[in-house]
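Hello,

Here is the structure I promised to pass on to you. Have a look at it first, and then read on for what turned up in it.

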Amino acid sequence: MDWRRIFHARGGVIEDEPILSTASHIAEGAAHILVIDDDDRIRTLLKRYLSENGFRTSVACNAKEARTLMASVDFDVLILDVMMPGETGFALTRAVRAASNVPILLLTARGLPEDRIEGLEMGADDYLSKPFEPRELLLRVNSLLRRAPPSPHEKREVKFGACTFSLGRSELRKYGDLVRITAGEASLLKALAQKPREAISREALAEQTAAGMERSVDVQVTRLRKKIEEDPRAPIYLQTVRGVGYALMTD
């Protein structure tokens with residue numbers, strides 16, 4: 001596929017290019033990228049391109065939506081448009097940087113040196129002007145991932161009752177014995193373990209684990225409870241938070 005031709009087409013997209021599913025290209029444990037841009041076409045193109053290159057990719061159309069996602073999902077890189085209505089990319093960068101070291105790549109149609117300097121002063125790690133070569137974007141994302149320190153949760157284990165879950169190995173043990181879990185169950189358990197004792201919405205879990213639908217999350221939770229809980233009908237550790245989603249009650 002000629003991604004360069006698509007990105008530089010008039011309006012940023014060629015209307016007759018079909019958007020295909022890319023879930024089969026994404027490996028378990030792949031880096032998770034959040035694209036924040038108010039342009040529907042740019043979001044669609046970037047999600048498709050990054051997914052086809054092996055990244056889990058979520059999108060948000062503005063800072064408010066991005067904040068909602070970031071409240072329940074730990075992203076590995078943020079790709080952030082500068083010129084958005086409401087809260088600008090510069091303002092969101094400053095707010096994110098005050099609480100997180102997640103790598104931030106700014107995108108903008110303004111390529112003036114003072115704009116780049118302002119973005120870097122706000123805490124951005126890199127800056128790319130539109131229009132850009134998709135291959136360059138990919139190289140910059142990979143560079144940010146290489147430079148980023150390893151996430152602490154990757155080396156951490158969480159304990160709940162008789163169970164221990166290794167976030168780095170996605171390995172579940174009960175009474176010391178290895179418990180067989182599917183890739184989907186491991187992905188869901190990892191998402192919950194990254195935010196122990198916090199309620200995470202079904203929508204966010206479906207997005208983060210590539211489950212696709214909230215109903216799929218419910219099915220995986222039911223299966224996990226049979227492997228974790230002493231009484232799956234009265235769960236102690238993998239709890240339902242009414243009106244929100246689920247939480248993992250760690251020790």
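Let me start with a pair of residues: glutamate 157 has serine 166 in β7 as its bridge partner. This is a predicted model, so please read everything below in that light. The two strands concerned, β6 and β7 (residues 163-166), run antiparallel and are joined by 4 bridges.

Those two strands belong to an open sheet of 4 strands, arranged in the order β6-β7-β8-β9 with antiparallel pairing. The edges are formed by β6 (157-160) and β9 (177-179); each has a single partner strand, so one side of each is left without a neighbour in the sheet. From one strand to the next, the twist averages 30 degrees. A helix also packs on this sheet: α7 (residues 183-193) touches β6, β7 and β8 (171-174), and its direction makes about 95 degrees with that of β7.

The model has another open sheet, this one of 3 strands, in the order β10-β12-β11 and again with antiparallel pairing. Here β10 (200-201) and β11 (238-241) stand at the edges, and because each has a single partner strand, one side of each lacks a neighbour in the sheet. Between β11 and β12 (residues 245-248) there are 4 bridges, in the antiparallel sense. Within that pairing, glutamine 239 is found opposite alanine 247 of β12. Which helix packs on this sheet, touching β10, β11 and β12? That is α7, whose direction makes about 75 degrees with that of β12. Helix α7 therefore packs on the 4-stranded sheet as well as on the 3-stranded one, by the contacts just given.

Next, a strand with a different setting. Is β4 (residues 104-108) enclosed or open? Of its 5 residues, 5 are buried, so β4 is largely enclosed by the rest of the structure. In a regular strand, side chains alternate between the two faces of the sheet. Both faces of β4 are covered, with Ile104, Leu106 and Thr108 buried on one side and Leu105 and Leu107 buried on the other. Strand β3 (residues 77-81) pairs with β4 in the parallel sense over 4 bridges, and isoleucine 79 stands opposite leucine 105 there.

Now to a pair of helices. Two packed helices are described by the angle between their axes and the distance between the axes. For α2 (residues 40-52) and α6 (residues 134-147), the angle is about 60 degrees and the axes are 11 Å apart. Their crossing is right-handed. On the α2 side, the contact is made by Leu46, Tyr49 and Leu50, and on the α6 side by Pro134, Arg135, Leu137 and Leu138. Sorted by class, this contact has 6 nonpolar residues, no polar ones and 1 charged.

Finally, the overall picture. The protein has 9 helices and 12 strands, and 45% of its 251 residues are buried. Of the contacts with a separation of 6 or more, 59% are between residues 24 or more positions apart.

As for confidence, the average pLDDT is 81, and 80% of the residues score at least 70. Confidence is highest in β11, at 95, and lowest in helix α1 (residues 3-7), at a mean of 54. Please take care with residues 9-24, where pLDDT stays under 50; the model has 20 contacts beyond four places in sequence for that stretch.

Enjoy exploring it!

Best wishes

Technical notes
Residues are numbered from 1 along each chain as its sequence is written. Side-chain values use heavy atoms; hydrogens and water are left out. Two strands pair if DSSP finds at least two bridges between them. Axes are lines fitted to C-alpha atoms, for helices over the stretch in contact, and angles run from 0 to 180 degrees between N-to-C directions. Contact means heavy atoms within 4.5 Å. A crossing is left-handed if the near helix is turned anticlockwise from the far one by less than a right angle, and right-handed if clockwise. Ala, Val, Leu, Ile, Met, Phe, Trp, Tyr, Cys and Pro count as nonpolar, Asp, Glu, Lys and Arg as charged, and the others, Gly among them, as polar. pLDDT is the predictor's confidence in each residue, from 0 to 100. Buried means under 20% relative accessible area, exposed over 50%, partly exposed in between (1.4 Å probe, protein chains only).
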